[in-house]
Amino acid sequence: MQNFNKEELEILRGVHSSLGRKYKKSGTYVSLIAKGDRKVNTEVAKSIMHDLRLILEILKP
């Protein structure tokens, strides 16, 4: 299950490490959530997903 399409992932590319620091997780962890390679079944993962959607809403042309 992919959470974001290729274009959206390109827009979000630079925010993974910043969100990782915010939630004390790695940028790779955030990246896996964005790509859909990790389930969004924990509170932290849900919060990260919520923030990714908010950031995308701001950055998307």
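Guide: Welcome! Let us start with a term: two residues are in contact, or touch, when heavy atoms of theirs lie within 4.5 Å. The model is predicted, and local features need pLDDT of at least 70, side-chain atom pairs count only at pLDDT 80 or more, while totals for chains, interfaces and linings use all residues. Residues are numbered from 1 along each chain as its sequence is written, and side-chain values use heavy atoms, with hydrogens and water left out.

Visitor: What does histidine 16 touch, not counting residues up to four places away in sequence?

Guide: Its partners are Gly27, Val30, Ser31 and Ala34. Histidine 16 and glycine 27 are 11 residues apart in sequence, yet their C-alpha atoms are 4.7 Å apart in space.

Visitor: Why is histidine 16 called buried or exposed?

Guide: Buried means under 20% relative accessible area, exposed means over 50%, and partly exposed is what lies in between, with a 1.4 Å probe and protein chains only. Histidine 16 has 13%, so it is buried.

Visitor: Where does histidine 16 lie, and what makes that a helix?

Guide: Histidine 16 is part of helix H2. Helices are DSSP runs of H or I with at least four residues, strands are runs of E with at least two, and both are numbered from the N terminus. By that count the chain has 4 helices and 0 strands, in the order α-α-α-α from the N terminus on.

Visitor: How do you know whether the chain is as compact as a globular protein of that length?

Guide: The globule rule is 2.2 Å times the number of residues to the power 0.38, and the radius of gyration is taken over C-alpha atoms. The rule gives 10 Å for 61 residues and the chain has a radius of gyration of 10 Å, so the chain is as compact as a globular protein of that length. Along the principal axes, its C-alpha atoms fill a box of roughly 30 × 25 × 15 Å.

Visitor: Which residues have the most contacts inside the largest nonpolar core?

Guide: They are Phe4, Leu12, Ile33, Ile48 and Leu52, in a core of 13 residues. H3 and helix H4 (43-59) each supply at least two of its residues, and H4 gives the most, with 5. A nonpolar core is a set of buried Ala, Val, Leu, Ile, Met, Phe, Trp, Tyr and Cys residues joined through side-chain atoms within 4.5 Å. Leucine 12 touches Phe4, Leu52, Ile55 and Leu56, leaving out residues up to four places away in sequence.

Visitor: Which residues of H3 are buried, and what covers them?

Guide: The buried ones are Tyr29, Val30, Ser31, Ile33 and Ala34. Their cover includes helix H1 (6-11), H2 and H4. After H3 comes glycine 36, with a positive phi near 90 degrees.

Visitor: What makes the phi of lysine 24 worth a look?

Guide: Its phi is positive, about 55 degrees, although lysine 24 is not a glycine. Most residues other than glycine have a negative phi. Lysine 24 lies in the loop between helix H2 (16-22) and helix H3 (27-35), and at 75% relative accessibility it counts as exposed.

Visitor: What sits over the ring of tyrosine 29?

Guide: The charged end of lysine 25 does, 5.6 Å from the ring centre. The rule asks for NZ of Lys or CZ of Arg within 6 Å of the ring centre and within 35 degrees of the ring normal.

Visitor: Why is valine 40 called partly exposed?

Guide: Its relative accessible area is 26%, so it falls between the buried and exposed cut-offs. Valine 40 is found in the loop between H3 and H4. It touches Asn3, Ile33, Ala45, Lys46 and Met49, setting aside residues up to four places away in sequence. Valine 40 and asparagine 3 are 37 residues apart in sequence and 9.8 Å apart in space, C-alpha to C-alpha.

Visitor: How do you know whether aspartate 51 is buried or exposed?

Guide: Aspartate 51 has a relative accessible area of 12%, so it is buried. Aspartate 51 lies in helix H4 and is in contact with Leu19, Lys22 and Tyr23, apart from neighbours within four places in sequence.
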